[in-house]
Each structure stands twice: as structure tokens, then as C-alpha cells.
Amino acid sequence: MQKTSMFIEQNPGDYENGDNRKNLDDDGRAKRTGTWLTASAHIITAVIGSGVLSLAWAIAQLGWVAGPAVLMAFSLITYFTSSLLVDCYRAPDPVHGKRNYTYMDVVRAYLGGRKVQLCGLAQYVNLLGVTIGYTITASISMVAVKRSNCFHEHGHHVKCQTSNYPFMVIFACIQIVLSQIPNFHKLSWLSILAAIMSFAYSSIGLGLSIAKVAGGEHVRTTLTGVTVGVDVSGSEKVWKTFQAIGDIAFAYAYSTVLIEIQDTIKSSPPENKSMKRATSIGVSTTTLFYVLCGLVGYAAFGNDAPGNFLTGFGFYEPFWLIDFANICIAVHLIGAYQVFAQPLFGFIEGWCSRHWPDSKFITSEHAVDVPFYGVYYINFFRLVWRTAYVIVTAVVAMIFPFFNDFLGLIGAGSFWPLTVYFPIEMHIAQAKIPKYSFRWTWLKILSWACLIVSLIAAAGSVQGLIQSLKEYKPFQTQE
């Protein structure tokens with residue numbers, strides 16, 4: 001049997017009885033067991049991230065007209081381009097072609113050349129950025145629990161300063177343990193738990209917002225969002241609008257892990273059929289939550305909506321419910337971190353095992369009997385490299401803890417190449433669409449329009465980061 005990368009762990013038990021064919025898929029790898037349900041859980045875990053909590057702020061910048069329009073536009077674009085990408089998992093035929101295990105493999109099969117390196121750079125920098133962003137967000141949610149209890153005991157006027165750093169360390173320690181999950185195929189239980197958590201905290205945020213609206217407290221909302229001369233200056237309005245578009249673009253992005261999720265699905269029914277079903281469930285569920293949380297959050301807070309309405313203390317009471325919601329956010333982000341980190345882990349481990357196939361440190365697996373689990377195959381390279389990765393992301397998160405600007409920049413940088421450009425180019429190559437035909441023309445127009453959106457959003461985020469840097473002192477407690 002051909003040597004496979006360590007990204008898919010081969011279980012020696014599968015081969016002992018000699019009847020190994022039924023335990024293997026058509027490509028000689030361990031049989032995939034994923035379904036549209038587990039794929040939907042992976043998608044929801046990847047998509048309904050911390051982005052949902054900044055949507056009330058984003059709608060406040062854009063207003064009642066542009067806000068929902070931008071949300072729906074990105075939802076439709078993400079669904080359309082994801083459906084194109086799903087058909088590229090196998091090449092050249094979407095049902096019977098050769099499997100591609102990563103986004104880079106797909107780009108290599110359809111486009112080739114320099115675009116493969118560009119795809120890898122965009123994807124893995126994005127995954128790195130997301131894991132750093134999630135470390136920051138999880139720590140903010142953990143801090144919010146402590147501060148919520150402090151406000152409840154001492155009153156809302158007290159500063160209740162709490163450092164994020166101990167919580168980043170706790171988050172990193174949990175990730176060091178979870179990072180030893182060998183590959184994406186063993187992650188479904190964590191994704192299902194994380195998806196349940198995302199529903200829980202989104203619903204709590206929504207419920208609290210509805211209660212605030214029903215309470216009849218007057219807040220200012222407008223058709224065009226924050227008002228120039230009242231809330232912000234003219235230039236601030238422009239920059240914050242750009243940043244809000246970036247936040248919404250990021251809130252839908254999961255194409256970075258789409259192919260890796262599809263690679264967990266069993267081949268009957270065809271993977272592209274199951275994945276399209278999972279994509280429609282994932283994107284429609286997400287859109288429903290986003291529209292509800294964004295619009296009801298804006299109705300509750302108006303133009304003063306905080307950047308993260310569960311941790312920005314839009315709500316103080318009932319404190320136990322806010323605490324529970326923030327714990328749900330932290331648990332969800334623990335799972336989401338793994339969904340985004342596993343493709344990066346797999347890429348580095350696969351690359352190393354190809355370059356140093358004779359190294360026992362990199363390739364050999366050692367069986368360890370773990371109580372209540374059974375036999376776990378430990379690999380020393382995996383242990384060292386993944387632990388080092390988690391530590392590095394935690395340290396970077398400690399040095400740059402600005403949440404909204406950071407999210408917007410990652411979203412803007414990866415949205416166009418990974419969510420729009422590559423899926424469209426590969427679809428044109430796969431379907432052999434003639435140049436300058438009607439279909440070719442409108443696909444290109446969509447691609448260029450999304451590039452402009454990405455550049456606008458990136459500009460807004462860079463300006464926001466510059467503002468944050470002016471006021472920032474490293475390793476100091478944030479108020």
C-alpha cells in the first residue's frame with residue numbers, strides 16, 4: 001500500500017485480519033465515515049464564530065438599509081462559490097474523479113502553476129490568523145465572566161479591571177491537549193458540541209436583545225447607521241463602514257476548511273451531493289442567526305452598539321445568564337480553534353513526512369494505553385510541533401489583543417482569493433466555459449466586485465489597527 005501522509009492516521013488494527021479492503025476507501029486511505037450532518041456541524045462551528053457578536057456593531061455602522069443588504073449579499077455569494085468549490089473536490093469529474101485532500105491540491109489539479117503557492121499562502125496565513133483571533137476572543141469571554149460577577153457584586157460604576165493573559169494561558173493549555181487529536185476525521189464530536197454552544201450563546205444574545213427592545217428603552221437607530229456630526233466625524237464614518245463590511249465578510253468565511261471538511265464524508269451518496277446539502281444547511285442556519293442577532297442587536301443598542309455585545313457589557317443582568325453565554329462562547333471557540341488548526345497541522349506534517357520519510361521522529365507512531373479511551377497512537381513530532389504552534393499563537397495573541405480590527409483584516413485578506421477567486425476560476429476550468437461568453441463575463445464581474453469589497457474592508461481594518469496601536473501598551477491590563 002502506498003505511503004500516506006500522517007494527516008490520516010492509519011490504524012494498525014484495521015489490517016491485522018488481512019481483510020483490509022473493506023476498511024479502506026478507493027484511494028487506499030482509512031474509510032471515511034462522515035455524513036451531511038457531521039459536515040453541517042463542522043460548517044456551523046467554523047462559520048458561527050465570534051463574528052456573530054460583532055454584527056450589531058457592523059449593522060450600526062451601515063444602518064437599516066445597507067446592513068441587511070450586505071449580510072444577505074455575502075450569504076448568497078458564500079453559498080454560490082462554496083457550491084462551485086464542492087464540485088472541485090474530485091478532478092476532473094466531480095463524482096468519479098481523483099480525490100484532492102486539501103484546498104492546495106484542488107488548485108493544483110485545476111489551475112496549477114504559481115496559483116498553488118498563492119492559495120497555500122492565503123489559506124494558511126488565514127488559518128494562523130483565525131487561531132490567534134480565537135485565542136483573543138475566548139480570553140475576552142472568560143474575562144467577561146469574571147467582570148460580570150464583579151459588576152453584580154460592586155455595581156456597574158466600578159472599573160473591575162481584569163487581565164486577559166491568565167485566560168489566554170488557560171485556553172492555550174486546553175488547546176495543547178486537544179491538538180493531539182490526530183486529524184479532522186476524529187473531530188466530529190468536538191464540532192457537534194461547539195455547534196450546540198454557538199446556538200446557545202446566539203440565542204441568549206438574541207433573547208436579551210429582544211427583552212431590551214421590549215423594555216421600551218429609547219435608542220437611536222437610523223436608515224444609514226451612525227450619524228456624521230453626532231456619533232462620528234465624516235472620515236470616521238467612511239473608515240468604520242469599510243471595517244463593518246470586512247467584519248461581515250469574515251463572518252461567513254469557511255472556504256479555508258471546506259475541502260478538508262468534504263474529505264471526511266463517505267463516498268455513498270457522492271461527496272459533492274452530501275456537501276452541497278451540508279453547505280445549504282450551514283449557510284442558511286448561519287444567515288438566519290446573523291440577521292436575527294445583527295438586526296435585533298441594532299434595535300436594542302442603536303448607534304451605540306458595542307463591538308461584541310456579550311462581552312462589551314451591553315447587558316449586565318441577569319448576570320448568571322451572561323456568564324453562561326460567555327462560557328458557551330469559550331467552549332465553542334475551543335472547538336472552532338481545532339477546526340481551523342487541523343488543516344494547518346495536516347499540511348505541515350504531510351510536508352515533513354514527504355521530505356524526511358526515514359525519520360523515526362516524524363513518521364513513527366507509538367501505541368499508548370489511555371484509561372477510559374483505549375489505545376492512542378502518539379507521534380513525537382506531532383506532540384512537539386503542535387504544542388509549539390499553540391504556544392506561539394497564544395504569545396502573539398497576548399501582544400496584539402485588538403479584536404474587531406484584527407477580525408476585519410483577516411476576513412478582508414482571505415475573502416476574495418479563497419471564497420471567490422479560486423472557486424470561480426476552477427469552475428471556469430472544470431466546465432470549460434468559453435472566454436467572453438455571458439456566463440464567463442458575469443462570473444468575472446462578480447469576482448472583481450468582491451475584490452473591490454476586500455480592498456475597501458482591508459483599508460478600513462488597517463486604519464482601525466493604526467488607531468488601536470496609538471493607544472496600546474503591550475502586556476498591560478485592558479480596561
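Me: Buried means under 20% relative accessible area, exposed over 50%, and partly exposed in between (1.4 Å probe, protein chains only). This is a predicted model: local features need pLDDT of at least 70, side-chain atom pairs count only at pLDDT 80 or more, and totals for chains, interfaces and linings use all residues. Residues are numbered from 1 along each chain as its sequence is written, while side-chain values use heavy atoms and leave out hydrogens and water. Let's start with a cysteine: as what does Cys173 count?

Reply: Look at the relative accessibility of Cys173, which is 45%. That value lies between the two cut-offs, under 20% and over 50%. Cys173 therefore counts as partly exposed.

Me: How many disulfides does the count come to?

Reply: A disulfide is a pair of cysteine sulfur atoms within 2.5 Å. Cys150 and Cys160 are joined in this way, with 1.8 Å from S to S. By this rule, the number of disulfides is 1.

Me: How many residues apart are Cys150 and Cys160?

Reply: The disulfide joins Cys150 to Cys160. Cys150 sits in helix 4 (residues 114–154), and Cys160 in the loop between helix 4 and helix 5 (165–178). Helices (H or I, at least four residues) and strands (E, at least two) are DSSP runs, numbered from the N terminus. The pair links distant parts of the chain, and its residues apart number 10.

Me: Is the disulfide of Cys150 and Cys160 left-handed or right-handed?

Reply: The clue is the torsion about the S-S bond. For Cys150 and Cys160 this torsion is about -80 degrees, so the disulfide is left-handed.

Me: Is Cys160 buried or exposed?

Reply: Its relative accessibility gives the answer. Cys160 has 7%, so this residue counts as buried.

Me: Which cysteine has the closest sulfur to that of Cys352?

Reply: Cys352 is buried, with a relative accessible area of 8%. The closest cysteine sulfur is 19 Å away, which is too far for a bond. That sulfur belongs to Cys119.

Me: How far apart are the end C-alpha atoms of helix 9?

Reply: Helix 9 (residues 271–301) has 31 residues. The expected span is 1.5 Å times one less than the number of residues, so helix 9 should span 45 Å. The model agrees with this, because the end C-alpha atoms are apart by 43 Å.

Me: Which residue follows helix 9?

Reply: Its phi is positive, near 65 degrees. The residue that follows helix 9 is Gly302.

Me: Which residue does a cis peptide bond join to Ser268?

Reply: Omega of this bond is about 0 degrees. The partner lies in the loop between helix 8 (255–262) and helix 9. Ser268 is joined to Pro269.

Me: What is omega for the peptide bond from Ala91 to Pro92?

Reply: Pro92 lies in the loop between strand 1 (90–91) and strand 2 (98–99). The bond from Ala91 to Pro92 is cis, and its omega is near -5 degrees.

Me: Is Lys432 buried or exposed?

Reply: Lys432 is found in the loop between helix 13 (403–431) and helix 14 (438–471). This residue is not a glycine, yet its phi is positive, about 50 degrees. With a relative accessibility of 67%, Lys432 counts as exposed.

Me: What is phi of Tyr436 near?

Reply: Tyr436 lies in the loop between helix 13 and helix 14, and at 63% relative accessibility counts as exposed. Its phi is positive, although Tyr436 is a residue other than glycine. The value is near 65 degrees.
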